[in-house]
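Dear colleague,

I am handing over to you the structure we discussed, with the sequence alongside. Please read the notes below with both in view.

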Amino acid sequence: MYTLVSGLLRHALQKDEFCVLIIGLDNAGKTTFLEQTKTKFSKNYKAMNPSKITTTVGLNIGKIDIKGARLMFWDLGGQEELQSLWDKYYAESHGIIYIIDSADTTRIPESKLAFDKMLESSALDTVPLLILANKQDIEGCASVLDIKKAFHDSSTSIGSRDCMIRAVSALTGRGVNEGIEWMVQCCKNNPYRPPRQKEGT
Ligand code: G3D
């Protein structure tokens with residue numbers, strides 16, 4: 001009887017956990033996006049002062065609970081020498097958030113190269129992909145349409161996986177909720193990469 005009750009209790013407390021990778025070139029706004037996400041979705045989370053956020057070197061981790069699921073974020077460094085580490089995380093990822101600095105138009109071709117390299121990995125074939133055109137608060141930045149044009153010939157490699165591109169500002173928070181809500185829904189609906197079961201706390 002005890003075993004049955006404790007088993008049921010454990011089941012009730014379990015949460016589906018999805019791992020979401022946040023990648024993109026250095027300075028794209030990955031850490032700022034992660035901070036903004038934690039601020040919006042975690043009760044009592046005390047946001048870091050944006051001026052204290054430094055570019056991702058190595059790995060930042062964050063988690064939020066949303067719609068009965070847990071999202072674990074891995075924010076990876078985007079410097080050229082760190083990009084070779086991205087694929088070590090692909091097999092474990094349930095979703096990818098790819099961040100582009102729309103204000104630094106000179107680096108958009110470099111960002112596209114890194115994006116295309118990421119798409120070469122078959123480990124991501126069925127994984128939902130959210131592309132964020134970040135820093136939309138900066139005057140003169142590339143629009144979503146400009147970025148769609150610049151990334152146009154990547155569409156064949158994107159294939160039939162769930163994919164969306166959104167305008168965001170990680171700094172002001174514009175578009176962050178909608179992006180995260182889209183991602184959690186896609187992760188939940190993806191039959192090819194089932195969630196990890198974690199005891200909810
Ligand atoms: P990274 O983790 O991708 O390397 P960061 O990038 O999150 O460290 O952000 C790099 C710089 O871009 C930071 O400025 C940060 O404040 C800024 N930034 C990030 N997102 C936005 C945005 O949406 N709008 C604007 N205006 N700036 C943004 P500093 O000056 O600290 O280098």
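K135 is buried, with a relative accessible area of 19%, which places the residue under the 20% limit for that class. The place of K135 in this predicted model is the loop that runs between β5 (129–134) and α5 (144–150). Its backbone also deserves a remark: phi of K135 is near 70 degrees, a positive value in a residue that is not glycine. Most residues other than glycine have a negative phi.

A second residue of this kind is K67, which has a positive phi of about 50 degrees and is likewise not a glycine. K67 sits in the loop between β2 and β3 (69–76). K67 counts as partly exposed because its relative accessible area is 47%, a value in between the limits of 20% and 50%.

As to the overall architecture, the protein chain has seven helices and seven strands. Their order along the sequence is α-β-α-β-β-α-β-α-β-α-α-β-α-β. The chain has 201 residues, of which 49% count as buried. Among contacts between residues at least 6 apart in sequence, 76% join residues at least 24 apart.

I turn next to the charged pairs. How many salt bridges does the model contain? The count comes to 12. One of them is formed by K15 and D65, whose closest N and O atoms are 4.0 Å apart. This pair links distant parts of the chain, as K15 belongs to strand β1 (residues 14–23) and D65 to strand β2 (residues 59–66), 50 residues apart. K15 is partly exposed, with a relative accessible area of 21%, and D65 is partly exposed as well, with a value of 33%. The two residues are also linked with R70 in a network of salt bridges.

Another salt bridge joins K38 to E35, with the closest N and O atoms 3.4 Å apart. Both residues lie in helix α2 (residues 30–41), where three residues, or about one turn of the helix, separate them. Are these two charged residues, K38 and E35, buried or exposed? K38 counts as buried because its relative accessibility is 12%, and E35 counts as buried because its relative accessibility is 7%; the limit for this class is under 20%.

The side chains of E120 and K117 also meet in a salt bridge, at 4.0 Å from N to O. Here the surroundings are of the opposite class. E120 counts as exposed because its relative accessibility is 60%, and K117 is exposed, with a relative accessible area of 57%; exposed residues are those over 50%.

R107 offers a further polar link. This residue is placed in the loop between β4 (95–101) and α4 (108–119). A polar contact of 2.9 Å joins the side chains of R107 and D26. Leaving aside residues up to four places away in sequence, R107 touches L25 and D26.

Finally, there are the open and enclosed spaces. The largest pocket has a volume of about 330 Å³. It is lined by 14 residues, and those closest to its centre are Q83, S84, A114, K117 and M118. K117, named above for its salt bridge with E120, is thus also among the residues closest to the centre of the pocket. Which elements each supply at least two residues of the lining? They are α3 (80–83) and α4. The largest share, five residues, comes from α4. By class, the lining of this pocket has six nonpolar, three polar and five charged residues.

The structure also holds one cavity of 30 Å³ or more. About 40 Å³ of space lies in the largest cavity. Its lining is made up of I96, M118, L119, L124, V127, L129 and R161. By class, this lining has six nonpolar residues, no polar residues and one charged residue. M118 therefore appears in two places: it lines the largest cavity and is among the residues closest to the centre of the largest pocket.

With kind regards

Notes. Residues are numbered from 1 along each chain as its sequence is written. This is a predicted model: local features need pLDDT of at least 70, side-chain atom pairs count only at pLDDT 80 or more; totals for chains, interfaces and linings use all residues. Side-chain values use heavy atoms; hydrogens and water are left out. On a 1 Å grid over the protein atoms alone, a cavity is a set of points where a 1.4 Å probe fits but cannot get out, and a pocket is an open set with protein on both sides within 12 Å along at least five of seven lines; lining residues have an atom within 4 Å of a point. Grid points are joined across faces, edges and corners, and a volume is the space filled by probe spheres set on the points. Ala, Val, Leu, Ile, Met, Phe, Trp, Tyr, Cys and Pro count as nonpolar, Asp, Glu, Lys and Arg as charged, and the others, Gly among them, as polar. Helices (H or I, at least four residues) and strands (E, at least two) are DSSP runs, numbered from the N terminus. A polar contact is a pair of N or O atoms within 3.5 Å; within protein, one must be able to donate a hydrogen and the other to accept it, and residues adjacent in sequence count only if both atoms are side-chain atoms. Contact means heavy atoms within 4.5 Å. Buried means under 20% relative accessible area, exposed over 50%, partly exposed in between (1.4 Å probe, protein chains only).
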